[in-house]
Amino acid sequence: MLSLIGIFFFLFFGAISGVSAVQNIKVQGADYVNNVTSDRFQIIGIAYQPGGSAGFIAGSGVDPLSNGTLCLRDAALMQRLGINTIRVYNLDPSLNHDLCASIFNAVGIYMLLDVNSPLPNESLNPEDLSSSYNSAYLNRVFGVAEAFKNFPNTLGFFSGNEVIQFPGSEGVAPPYIRAVTRDLKQYIAKHSSRNIPVGYSAADVRDFLADTFAYMSCAIDGSSSDETRIDFFGLNSYSWCGGDATFQTAGYDILVQMFGNTTIPVFFSEYGCNEVKPRVFDEVQAVYGPEMTRVMSGGIIYEYVQEANEYGLVDLNDNGTASIRIDYDNLQRQFNELDIERLQSGNSTATALEAPRCSPGLISGGSFSKSFRVPSLPSGAQTLIDNGIRNPNIGKLVEIEETNVEAEVYGSNGGVIQNLAIRPLPEDQSNTPSGQDTTGATSTGTPRGEEPESTGGAGHLPVNLLLTCAVFVGLALR
């Protein structure tokens, strides 16, 4: 009898609190692919940077993934929204990110992480590339890799963001971006148990865009193992503005043509023009429509938190509460219309493509770099790669002990959202839009502390597991 009761406790409470992991996503040709199911993975993402770049302060002990209480609230809202990926720009590799990363893992949300920051000596300086590319800078880059390499929901790292943007940068910056990409890949290969993709996020500067993509995605000497070649390409684009925009006026037809022969995943690393407010996000149906998805792999809405630039979906209030905006509701409705089954369908042609050989003939702009001579490692960097950085802060998955959100969150109608909680997903699934109406779950009449209908714990266990537990209890009590 005791053994049966023990099995019950293992099945029941272990299923509630045990650490589960999403399935790794790998790059296969031009697609992201689930490493277990072989389903295609389309990024349904959002930029997550509370406080913006100005809110990232050296030595503050705070970054977007360091406060588990805030991550729990935001993960609950993102899960209802249908998000499966967050992009986080500014991270302190010395902080503990275990709880936040584990929360996002539990709800099936992956992380795309920038290894640079706006702080001095923590990114390439386009005006002084040779000096800013040094071992101290790479130590920071490798520190981010150490902090997130063990999380199964780490989807990839950006080795650079909009480094090629201003006139003149296109002639000198490209080889340095390939150098950082190489260095990060070598470090991951040496110190991580799995391959983690490394890519670049480009500004939508059409004078440089096609050449940036061609330069970064080709293989030197035609070798598929070229470590300087990016694994994915992100585009920060805000060309679709308002409900009157079309596939053609937004230039999406041009992007499909530009990336039509891609051999790596391409996606919007930022999108969501705010010239017309509130945003209606009509472009979502185009981004995930058949014309775009035969070439591209989704996108990341800019951004989650409302800042001074007015791109946010959620207001963070001074009293610790949060309020979702009508933009959140509009985006949720758009996501709810997506055909997830079609988006997950594989494309054998796209996954079998080989990279083109790098050559000056790939570059059409007269001022864009045609040199594929990548800078050698700076002094001291090879030692970092060979031996690892000193005292790395290595992250790990931890158990999620709390699923309910304690702080009040208000819908766009002003009512308190009831029973807000994360819902840990069974069978290591990734999150998808579920048809929920978050604002429709609000009420001003229900008191705080009322027992929720579903909390993401036992209420979301698979039915067969609950039945099994019931059988064991019955046998144990006979």
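Strands are DSSP runs of E covering at least two residues, numbered from the N terminus. In this predicted model, Ala 202 belongs to one such run, strand E7. With a relative accessibility of 3%, Ala 202 counts as buried, because the cut-off for burial is under 20%. Ala 202 also has a neighbour from further along the chain to consider: its C-alpha atom is separated by 8.4 Å from that of Phe 213, eleven residues away in sequence. Phe 213 is itself one of the buried residues of helix H8.

Strand E7 takes part in a closed barrel. Eight strands make up this barrel, in the order E3-E4-E5-E6-E7-E8-E9-E10, and their pairing is parallel. From one strand to the next, the twist averages 25°. As background, the strands of a sheet pair through backbone hydrogen bonds, in either a parallel or an antiparallel manner.

Two of the pairings can be followed residue by residue. Five bridges join strand E7, residues 198-203, to strand E8, residues 232-236, in the parallel sense. Within this pairing, Tyr 200 has Phe 233 of E8 as its bridge partner. On to the next pair, E8 and E9 are joined by four bridges, again in the parallel sense. Here Gly 234 stands opposite Phe 267 of E9. Strand E9 is mostly covered, with six of its six residues buried.

Helix H8 occupies residues 206-217. The twelve residues of H8 reach 17 Å from the first C-alpha to the last, close to the 16 Å expected at 1.5 Å a residue. Nine of these twelve residues are buried, and H8 is thus mostly covered. Among the buried residues of H8 are the aromatic side chains of Phe 208, Phe 213 and Tyr 215, along with Leu 209, Ala 214 and Met 216. Asp 211, Thr 212 and Ser 217 also appear among the buried residues of this helix.

Helix H2, residues 68-81, gives a similar check on geometry. Its 14 residues should span 20 Å at 1.5 Å a residue, and the end C-alpha atoms lie 19 Å apart, which agrees. Twelve of the 14 residues of H2 are buried, so the helix is largely enclosed by the rest of the structure. The buried residues of H2 include Arg 73, Asp 74 and Arg 80, as well as Leu 72, Leu 77, Met 78 and Leu 81.

Some backbone features in the loops deserve a friendly pointer. Most residues other than glycine have a negative phi, and most peptide bonds are trans. Asn 121 has a positive phi, near 65°, and is not a glycine. Asn 121 sits in the loop between strand E5 (110-114) and helix H4 (129-132). Its relative accessibility is 62%, so Asn 121 counts as exposed. Asp 221 likewise has a positive phi, of about 65°, without being a glycine. The loop that holds Asp 221 runs between helix H8 and strand E8, and Asp 221 is exposed, with a relative accessible area of 61%.

Cis peptide bonds occur in two further loops. The bond from Lys 277 to Pro 278 is cis, with omega near -10°. Pro 278 is placed in the loop between strand E9 (266-271) and helix H10 (283-287). The bond from Tyr 302 to Glu 303 is also cis, with omega near 0°, and Glu 303 is found in the loop between strand E10 (298-301) and strand E11 (314-316).

Enclosed space was examined as well. Rolling a probe the size of a water molecule over the atoms shows where empty space is left. Across the whole structure, the search finds three cavities of 30 Å³ or more. The largest cavity holds about 50 Å³ of space. Its lining includes Trp 240, Cys 241 and Gly 242, together with Cys 273, Val 276 and the run from Arg 279 to Glu 283. By class, six of the lining residues are nonpolar, one is polar and three are charged.

The second largest cavity has a volume of about 40 Å³. Ser 20, Ala 21, Val 22, Asn 105, Ala 106, Leu 425, Asp 428 and Gln 429 line this second cavity. The lining of the second largest cavity divides into four nonpolar, three polar and one charged residue.

Note on methods:
Residues are numbered from 1 along each chain as its sequence is written. This is a predicted model: local features need pLDDT of at least 70, side-chain atom pairs count only at pLDDT 80 or more; totals for chains, interfaces and linings use all residues. Side-chain values use heavy atoms; hydrogens and water are left out. On a 1 Å grid over the protein atoms alone, a cavity is a set of points where a 1.4 Å probe fits but cannot get out, and a pocket is an open set with protein on both sides within 12 Å along at least five of seven lines; lining residues have an atom within 4 Å of a point. Grid points are joined across faces, edges and corners, and a volume is the space filled by probe spheres set on the points. Ala, Val, Leu, Ile, Met, Phe, Trp, Tyr, Cys and Pro count as nonpolar, Asp, Glu, Lys and Arg as charged, and the others, Gly among them, as polar. Two strands pair if DSSP finds at least two bridges between them. Axes are lines fitted to C-alpha atoms, for helices over the stretch in contact, and angles run from 0 to 180 degrees between N-to-C directions. The expected span of a helix is 1.5 Å times one less than its number of residues. Buried means under 20% relative accessible area, exposed over 50%, partly exposed in between (1.4 Å probe, protein chains only).
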